[in-house]
Amino acid sequence: MNVLTKTASTLLIVGVTLTGCGVGEAVEETVAQVSAATTLAEGVPTTESPVFRYTIKGGQQPLSGVVDGPHKALTTEAQEKIPDSDITLSMKFLVVGDEAWTKIAFKNAGADSGLPKLPKKWMKLDQTKLVKDSSEDFTYQGESDPGYVSDLLRAAADLKETGKGVYAGTTDLTGSTEAEIVDADTLTALGEQAKAVPLELTLDAEGRITKALVKIPAAGKAKAATYEVVYDQYGTAAPLTAPTDGVAAPADVYEMLKG
């Protein structure tokens with residue numbers, strides 16, 4: 001029995017005792033919140049969850065990919081427009097255990113752009129050539145929740161079920177900074193508002209998180225925004241395996257990964 005279930009059990013007993021004293025409704029509401037938090041926490045993917053796809057929008061860096069915990073593997077895809085040009089940088093990473101590959105492309109880059117021409121196949125990364133502090137980023141470290149839904153839940157309050165498999169409450173953005181939902185300036189501009197922004201979550205029929213939505217109000221120079229995490233295709237996304245036709249990453253790749 002974990003802390004939440006112990007708390008729920010205690011409150012249920014107290015609720016039965018105090019219902020006739022006029023505080024029963026408050027106790028029942030607290031029990032419901034604890035129950036909702038427990039249910040949602042149990043729905044967050046773990047390393048034992050079947051392979052699934054993820055999409056993250058609205059944060060500082062939109063991402064997508066696949067997590068395959070049972071095979072200790074994941075992919076990450078990101079795109080970024082290069083300022084003052086029509087060029088878009090596309091980066092894909094594949095990690096299987098202690099090995100990693102990447103695909104990097106510059107979309108709409110002309111022959112005179114000065115950008116490196118890289119192989120289109122998966123490029124195998126040599127861990128010994130990576131910057132020491134970043135080498136762990138290219139090995140599987142037990143990642144199972146790329147959208148940091150667990151952090152949002154740990155910082156959540158007033159969670160209630162509003163429909164079948166649908167929950168709502170608030171979350172404290174100062175307690176989930178690793179998710180990079182907003183930058184430091186926006187977090188400062190939000191002030192006390194950052195400690196209770198609207199949070200919505202959805203579970204599928206199996207009790208698994210399928211969506212988390214954080215509604216961020218406008219603050220300072222930042223407009224109102226929405227941070228959205230979608231986890232889907234549980235057990236139906238293609239399992240991840242090491243590429244059989246990869247090539248060695250050229251020196252230009254390591255220079256780019258230095259940041």
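**Strands, an aromatic pair and a pocket in a predicted model**

In this predicted model, Phe138 has a relative accessibility of 9% and is therefore counted as buried. Phe93 is likewise assigned to the buried class, because its relative accessible area of 17% falls under the limit of 20% that is used for this class. For the protein as a whole, which has 259 residues, the share that counts as buried is 38%.

Three aromatic pairs were found in the model. In one of them, Phe93 and Phe138 are arranged as a tilted pair, with ring centres 5.5 Å from each other and an angle of 55 degrees between the ring planes. This pair connects distant parts of the chain, since Phe93 belongs to strand E4 (residues 88–96), whereas Phe138 is placed in the loop between strand E6 (123–124) and helix H3 (149–154), and 45 residues separate the two in sequence. A single aromatic cluster is formed by Phe52, Tyr231 and Tyr234.

The secondary structure consists of five helices and twelve strands. The twelve strands make up an open sheet with mixed pairing, in which the order is E7-E8-E9-E10-E11-E1-E2-E3-E4-E5-E6-E12. The edges of this sheet are occupied by strand E7 (156–163) and strand E12 (247–248), and because each of these has a single partner strand, one side of E7 and one side of E12 remain without a neighbour in the sheet.

Within the sheet, strand E1 (residues 52–57) and strand E2 (residues 63–68) run antiparallel and are joined by five bridges. Tyr54 has Gly65 of E2 as its bridge partner, and Thr55 is partnered in E2 by Ser64. The hairpin of E1 and E2 has five residues between the strands, and Gly58 in this hairpin adopts a positive phi near 90 degrees. Strand E2 is also joined to strand E3 (residues 73–81), again in an antiparallel manner, by three bridges. Here Val67 is found opposite Leu74 of E3. In the hairpin of E2 and E3, where four residues lie between the strands, a positive phi near 50 degrees is taken by Lys72.

The largest pocket encloses about 1200 Å³ of space. Its lining comprises 38 residues, and those nearest the centre of the pocket are Leu63, Thr76, Asp137, Tyr148 and Glu180. Two or more lining residues are contributed by each of the elements E1, E2, E3, E4 and H3. Of these, strand E3 contributes the most, with seven residues in the lining of the largest pocket.

Residues that are far apart in sequence are also brought together elsewhere in the model, as Glu42 and Arg208 are 166 residues apart along the chain and 7.7 Å apart in space, C-alpha to C-alpha. Glu42 is part of helix H2 (residues 24–43), and because its relative accessibility is 62%, above the limit of 50%, Glu42 is classed as exposed. Among the contacts in the protein with a separation of 6 or more, 55% are between residues 24 or more positions apart. The accessible surface of the protein amounts to about 14700 Å², and 52% of this surface belongs to carbon and sulfur atoms.

Definitions and conventions. Residues numbered from 1 in each chain as written. Predicted model: local features only at pLDDT ≥ 70, side-chain atom pairs only at ≥ 80, totals over all residues. Heavy atoms only, no water. Pairing = 2+ DSSP bridges. Buried < 20%, exposed > 50% of the residue type's maximum accessible area, 1.4 Å probe, protein only. Contact = heavy atoms within 4.5 Å. Areas by Shrake-Rupley, 256 points an atom, 1.4 Å probe, with all protein chains shown as cover. Phe/Tyr/Trp six-rings, centres within 6.5 Å; stacked < 30°, edge-to-face > 60°. 1 Å grid on protein atoms, 1.4 Å probe; cavity = no way out; pocket = protein on both sides within 12 Å on 5 of 7 lines; lining within 4 Å. Points joined across faces, edges and corners; volume = space filled by probe spheres on them.
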